[in-house]
Amino acid sequence: MRIAICSDIHDNIWKLDSALPGMNEANALIFCGDFCAPFTLTQLARGFEGPVHAVFGNNDGDQRLLLQMAEQAGNVELHGQFADLTLGGLRIAVTHYPEIARGLALSNLYDVVCYGHDHTLYEERVGRTLLLNPGEIMGRFGRSTYMLLDTDSLEVTVHDVA
């Protein structure tokens, strides 16, 4: 199984539009927070063909409307502040915040822990856990990225968005 992992769109619908074709190479998508507006969630839901698992970020202000839009989309599960998933035989934790993610990785309860928030592309092996930050879609710091994770090999590839 292949999982696309992205974070921090911050309403940059143009970058998201450019990222979606590559992310559709995956069977599922994990979003680590900061859609910002509900229309961004809708664009992600319509543009990704498989299931989307998402958590709230600190800039997701209208959480009620985001939950309504996720329900209407049909392929988006908005887990709240934290997701505990099993995908491709892996136990995966998802949060928006780096400090929470590191604690989850140190717990050795998860195969993979994904987070966002600081817009910094990051990959580290913490004990047996793969700790991943896919960077940002929005391109605030110049580089717009997402990751693809192969659940069989645990190989992670970073993809730049034009």
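**Exercise 1.** Which residues does Asn133 touch, not counting residues up to four places away in sequence?

*Solution.* In this predicted model, begin by placing the residue: Asn133 is found in strand S9. Next, list its partners, which are Tyr115, Gly116, Asp118, His119, Thr120, Leu121, Tyr122 and Met147 once residues up to four places away in sequence are not counted. Then turn to the polar contacts of the side chain, which reaches the backbone oxygen of Gly116 at 3.5 Å and the backbone nitrogen of Gly135 at 2.8 Å. Finally, classify the exposure: since buried means under 20% relative accessible area, Asn133, at 0% relative accessibility, counts as buried.

**Exercise 2.** Determine whether Thr129 counts as buried or exposed, and describe its surroundings.

*Solution.* Locate the residue first: Thr129 lies in strand S9, which covers residues 129-134. Its relative accessibility is 0%, and therefore Thr129 counts as buried. For the polar surroundings, note that the side chain of Thr129 reaches the backbone oxygen of Ala105 at 3.5 Å. The contact list, with residues up to four places away in sequence not counted, contains Ala105, Asn108, Tyr110, Asp111, Val112, Val113 and Glu124.

**Exercise 3.** State the strand order of the open sheet that includes S9, and work out how a helix lies across it.

*Solution.* The open sheet has 5 strands in the order S5-S6-S7-S9-S8, and the pairing is mixed. Its edge strands, each of which pairs on one side only, are S5 (83-87) and S8 (121-126). From one strand to the next, the twist averages 20°. Looking at one pair in detail, S7 (residues 112-114) and S9 are joined in the parallel sense over 3 bridges, and within S9 the bridge partner of Val113 is Leu131. To complete the picture, add helix H4 (residues 98-106), which lies across S6 (90-94), S7, S8 and S9 and runs at about 25° to S8.

**Exercise 4.** Describe the largest nonpolar core, identifying the members that touch the most others and the elements that contribute to the core.

*Solution.* As background, in soluble globular proteins nonpolar side chains tend to be buried together. Here the largest nonpolar core holds 26 residues, of which Met23, Leu29 and Leu44 touch the most other members. The elements giving two or more residues to this core are the strands S1 (2-6), S2 (28-31), S3 (52-54), S4 (76-78) and S10 (145-150), together with the helices H1 (13-23), H2 (38-47) and H3 (63-73). Among the contributions, the largest share, 4 residues, comes from H1. For a closer view, take Leu44: leaving aside its neighbours within four places in sequence, Leu44 is in contact with Leu16, Leu20, Met23, Leu29, Phe31, Phe35 and Val52. Apart from this core lies another, of 18 residues, including Ile3, Val55, Leu87 and Cys114.

**Exercise 5.** Assess how compact the protein is for its length.

*Solution.* Start with the inventory, which comprises 4 helices and 11 strands. The radius of gyration is 14 Å, close to the 15 Å that the globule rule gives for 162 residues, so the protein is as compact as a globular protein of that length. Along its principal axes, the C-alpha trace spans about 40 × 30 × 30 Å. Two further values complete the description: buried residues make up 54% of the 162 residues, and residues 24 or more positions apart account for 52% of the contacts with a separation of 6 or more.

Notes
Residues numbered from 1 in each chain as written. Predicted model: local features only at pLDDT ≥ 70, side-chain atom pairs only at ≥ 80, totals over all residues. Heavy atoms only, no water. Core = buried A, V, L, I, M, F, W, Y, C linked by side-chain atoms within 4.5 Å. Buried < 20%, exposed > 50% of the residue type's maximum accessible area, 1.4 Å probe, protein only. Contact = heavy atoms within 4.5 Å. Polar contact = N/O pair within 3.5 Å; in protein donor to acceptor, adjacent residues only side chain to side chain. Pairing = 2+ DSSP bridges. Axes fitted to C-alpha atoms, helices over the stretch in contact; angles between N-to-C directions. Rg over C-alpha atoms; globule rule 2.2 N^0.38 Å.
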